[in-house]
Amino acid sequence: MSTESLIKMANQIGQYFASEPDTELAVKGVRQHIQNFWTPVMRRQLAACRVEHSGAVLHPLVLAALTEPVETTR
């Protein structure tokens, strides 16, 4: 999957959870959604994208969710 598509999807997830007033719950929601519904390859690509494309604009909740390791195997 392209980096642009992953960023777009991750940001849509972040935007969805932005309506949660508790930021900690919102971050957990983003992290859990990515863990449950994204393939290991997609999770690895998103983690790599954050490092390789530091100029990419990721939603703040997505960035926070990525600060703690997301499992890459299921």
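Which residues of helix 4 are buried? Keep that in mind, and I'll come back to it once we've walked through the rest of the chain.

Okay, so hi everyone. One thing up front: what you see here is a predicted model. Let's start with the overall layout.

The chain has four helices and zero strands. Reading from the N terminus, the order of elements is α-α-α-α, which is easy to remember. There are 74 residues in the chain, and 34% of them are buried. Now take the contacts between residues at least 6 apart in sequence: 74% of those join residues at least 24 apart. We'll meet an example of that kind of pair later on.

Right, helix 1. Helix 1 covers residues 3–17. Here's a little check you can do yourself: with 1.5 Å a residue, its 15 residues should span 21 Å, and the end C-alpha atoms are indeed 21 Å apart, so the two agree. If you're wondering about the sum, you multiply 1.5 Å by one less than the number of residues.

Which residues of helix 1 are buried? They are Leu6, Ile7, Ala10, Ile13, Gly14 and Phe17. These residues take up an arc of only 125 degrees around the axis, so they sit on the same side of helix 1. The numbering makes sense if you recall a bit of textbook: an α-helix has 3.6 residues a turn, so residues three or four places apart point the same way. Flip to the other side of helix 1 and you find Glu4, Lys8, Gln15 and Tyr16, which are exposed.

And what do the buried residues of helix 1 pack against? Helix 2, which is 23–37, helix 3, which is 40–52, and helix 4, which is 60–67.

Let's take two of those partners in turn. With helix 2, the axes come within 9 Å and cross at roughly 140 degrees. That angle makes helix 1 oblique to helix 2. From helix 1, the residues making the contact are Ile13, Gly14 and Phe17, and from helix 2 they are Ala26, Gly29, Val30, His33 and Ile34. The crossing of helix 1 past helix 2 is right-handed.

With helix 3, the axes of helix 1 and helix 3 come within 10 Å and cross at roughly 95 degrees. So these two helices are roughly perpendicular to each other. Here helix 1 uses Thr3, Leu6, Ile7, Met9 and Ala10, while helix 3 brings Met42, Gln45, Leu46 and Cys49.

On to helix 2. Same check as before: 15 residues at 1.5 Å each should give 21 Å, and the end C-alpha atoms are 21 Å apart, so that agrees as well. The buried residues in helix 2 are Ala26, Val27, Gly29, Val30, Arg31, Ile34 and Gln35. Take a second to spot Arg31 and Gln35 in that list. The buried residues of helix 2 pack against helix 1, helix 3 and helix 4.

Let me zoom in on valine 27, which is in helix 2. Why does valine 27 count as buried? Because its relative accessibility is 11%, and buried means under 20%. Setting aside neighbours within four places in sequence, valine 27 touches Leu61, Ala64 and Ala65. Here's that pair I promised: valine 27 and alanine 65 are 38 residues apart in sequence, yet their C-alpha atoms are 5.2 Å apart in space.

That brings helix 4 into the picture. Helix 2 and helix 4 pack at an angle of about 75 degrees, with axes 8 Å apart. That makes helix 2 roughly perpendicular to helix 4. Thr23, Ala26, Val27, Val30 and Arg31 from helix 2 meet Leu61, Val62, Ala64 and Ala65 from helix 4.

So, back to my opening question. The buried residues of helix 4 are Leu61, Val62, Ala65 and Leu66. Looking down the axis of helix 4, they fall within an arc of 135 degrees, so they line one face of the helix. They pack against helix 1, helix 2 and helix 3.

What about the other side of helix 4? Pro60 and Thr67 are exposed there. Proline 60 has a relative accessible area of 59%, so it counts as exposed. The C-alpha atoms of proline 60 and alanine 18 are 9.3 Å apart, with their positions 42 residues apart along the chain.

That's my tour, thanks for listening!

Methods
Residues are numbered from 1 along each chain as its sequence is written. This is a predicted model: local features need pLDDT of at least 70, side-chain atom pairs count only at pLDDT 80 or more; totals for chains, interfaces and linings use all residues. Side-chain values use heavy atoms; hydrogens and water are left out. Buried means under 20% relative accessible area, exposed over 50%, partly exposed in between (1.4 Å probe, protein chains only). The arc is that of the directions from the helix axis to the C-beta atoms. Contact means heavy atoms within 4.5 Å. Axes are lines fitted to C-alpha atoms, for helices over the stretch in contact, and angles run from 0 to 180 degrees between N-to-C directions. Angles under 35 degrees count as roughly parallel, over 145 as roughly antiparallel, 65 to 115 as roughly perpendicular and the rest as oblique. A crossing is left-handed if the near helix is turned anticlockwise from the far one by less than a right angle, and right-handed if clockwise.
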